[in-house]
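Hello,

Here is the structure I promised to pass on to you. Have a look at it first, and then read on for what turned up.

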Amino acid sequence: MPTLNFTHFSGAVPRYGGYSLEQTDGILYLVPDTLAVRRYDPFEDIDGLLLEVVKAGAIVAACEPFLDYCLSHKMLPLRDVEFWRQGDFFAARPKEARPILDALLAFAGRYGLPIWEGIVTTTYPARCAQRLMALCQDGNDDTAYMMRYEAARRACQSSGAVPVCTLALTLLDFYLQWIEGLDGGFFPIRHADWLMAYGQEKTPRLTAQVYDLTTCINLAYAVLTAGQGKAVRQCKHCGTFFIAEDRRAEYCSPRCRGAYNSKMTRKRAKERKEKAGENLTCLPPSDTI
Ligand SMILES: [Zn+2]
């Protein structure tokens, strides 16, 4: 059987003129300002897209009031549908949610929104592990909130709106997968046209045009990591996100590597000095010897 030369993706993702925040039945949504839609190709700048995704995901991961809210409501795992049951953090606490809201509005303005397809599930950043272990989920037979969730999802299909919590968890999940190494498993390729081209070529070529932003992000990540052997990394010294040529890279630049190493050398020297000082003070006074 001939091998497939399966390399080509192009995107045709909807992006509206702008987005704003709108609250309906206690849930905060990102809503397109106009109905004038243009389509663009997120694969044109894979590095830029992946860096903006991980930056926005990191802002969600860093928002303590948001994580406190979810943990105190025993949301395990973290699912967008739970905000229909427990009350939407983003509608109830707009002040505390501000850093996330600003990041998501900027993200949507640049890349549009994914299609709201089904329940988004993720978990918590590693630093919450201890609190997570202490959680035990209560059984709850109340499923009325699931029906409200489904009704809202169907209403959004025609308007192009997406709940803030859904986008926040989608981006948090990418951050956890790429930076904290959370196992992503399989992902569906949604809303795509597949084409097989084999005219004069010996090796048939399979190409796909993708219409959903989440799928484009997943495929862009696969192209970058599995295809090109690169990685999305956070610099150990300055915290900047960057595209690394090698998945073992830890620093964004030789300068940061140098700065980090000399910081550690200074730290170790200080610790040695302190230890030596402690040992000295432990010695008995000289007149007792
Ligand atoms: Zn750096």
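**Tyrosine 16 and its surroundings**

Apart from neighbours within four places in sequence, tyrosine 16 touches Pro32, Thr34, Leu35, Ala36, Val37, Ser159 and Gly160. Please keep in mind that this is a predicted model. Tyrosine 16 itself sits in strand β2, which covers residues 13-16. Its relative accessible area is 16%, and because buried means under 20%, tyrosine 16 counts as buried. There is also a pairing across the sequence here: the C-alpha atoms of tyrosine 16 and alanine 108 are 8.9 Å apart, while 92 residues separate the two along the chain.

**Leucine 176 in helix α8**

A second residue worth a visit is leucine 176, which belongs to helix α8. Is leucine 176 buried or exposed? With a relative accessibility of 1%, leucine 176 is buried. Leaving out neighbours within four places in sequence, the contacts of leucine 176 are Thr122, Thr123, Tyr124, Pro125, Gly181 and Leu182. Leucine 176 and alanine 61 are 115 residues apart along the chain, yet their C-alpha atoms are separated by 8.3 Å.

**Backbone details in two loops**

The loop between α2 (64-72) and β6 (78-79) deserves a stop, and proline 77 is found in it. The peptide bond leading from leucine 76 into proline 77 is cis, and its omega is near -10°. Lysine 74 lies in that loop between α2 and β6 too. Although lysine 74 is not a glycine, its phi is positive, at about 55°. Lysine 74 is partly exposed, with 33% relative accessibility.

Where does histidine 191 lie? Histidine 191 is in the loop between α8 (164-178) and β9 (192-197). Here again a residue that is not a glycine has a positive phi, and for histidine 191 the value is about 50°. The relative accessible area of histidine 191 is 37%, so this residue counts as partly exposed.

**The overall picture**

Stepping back, the protein contains ten helices and twelve strands. The domain assignment splits it into domain 1, residues 5-234, and domain 2, residues 254-288. How far apart are the C-alpha centres of domain 1 and domain 2? These centres are separated by 46 Å.

As for overall dimensions, the C-alpha trace spans about 90 × 55 × 40 Å along its principal axes. The protein has a radius of gyration of 24 Å, whereas a compact globule of 289 residues would have one near 19 Å.

Of the 289 residues in the protein, 40% are buried. Its accessible surface is about 16,400 Å², and carbon and sulfur atoms account for 53% of that surface. Taking contacts between residues at least 6 apart in sequence, 70% link residues at least 24 apart. The protein carries 34 positive and 33 negative charges, and the mean positions of the two sets are 7 Å apart.

If you open the model, I would begin with tyrosine 16 in strand β2, then go to leucine 176 in helix α8, and finish at the cis peptide bond from leucine 76 to proline 77.

Best wishes, and happy browsing

Notes:
Residues are numbered from 1 along each chain as its sequence is written. This is a predicted model: local features need pLDDT of at least 70, side-chain atom pairs count only at pLDDT 80 or more; totals for chains, interfaces and linings use all residues. Side-chain values use heavy atoms; hydrogens and water are left out. Helices (H or I, at least four residues) and strands (E, at least two) are DSSP runs, numbered from the N terminus. The radius of gyration is taken over C-alpha atoms; the globule rule is 2.2 Å times the number of residues to the power 0.38. Buried means under 20% relative accessible area, exposed over 50%, partly exposed in between (1.4 Å probe, protein chains only). Contact means heavy atoms within 4.5 Å. Accessible areas come from the Shrake-Rupley method with a 1.4 Å probe; for residues, only the protein chains shown count as cover. Lys and Arg count as positive and Asp and Glu as negative; His and the chain ends are not counted. The place of a charge is taken as NZ of Lys, CZ of Arg, CG of Asp or CD of Glu. Domain bounds come from an automatic or database domain assignment.
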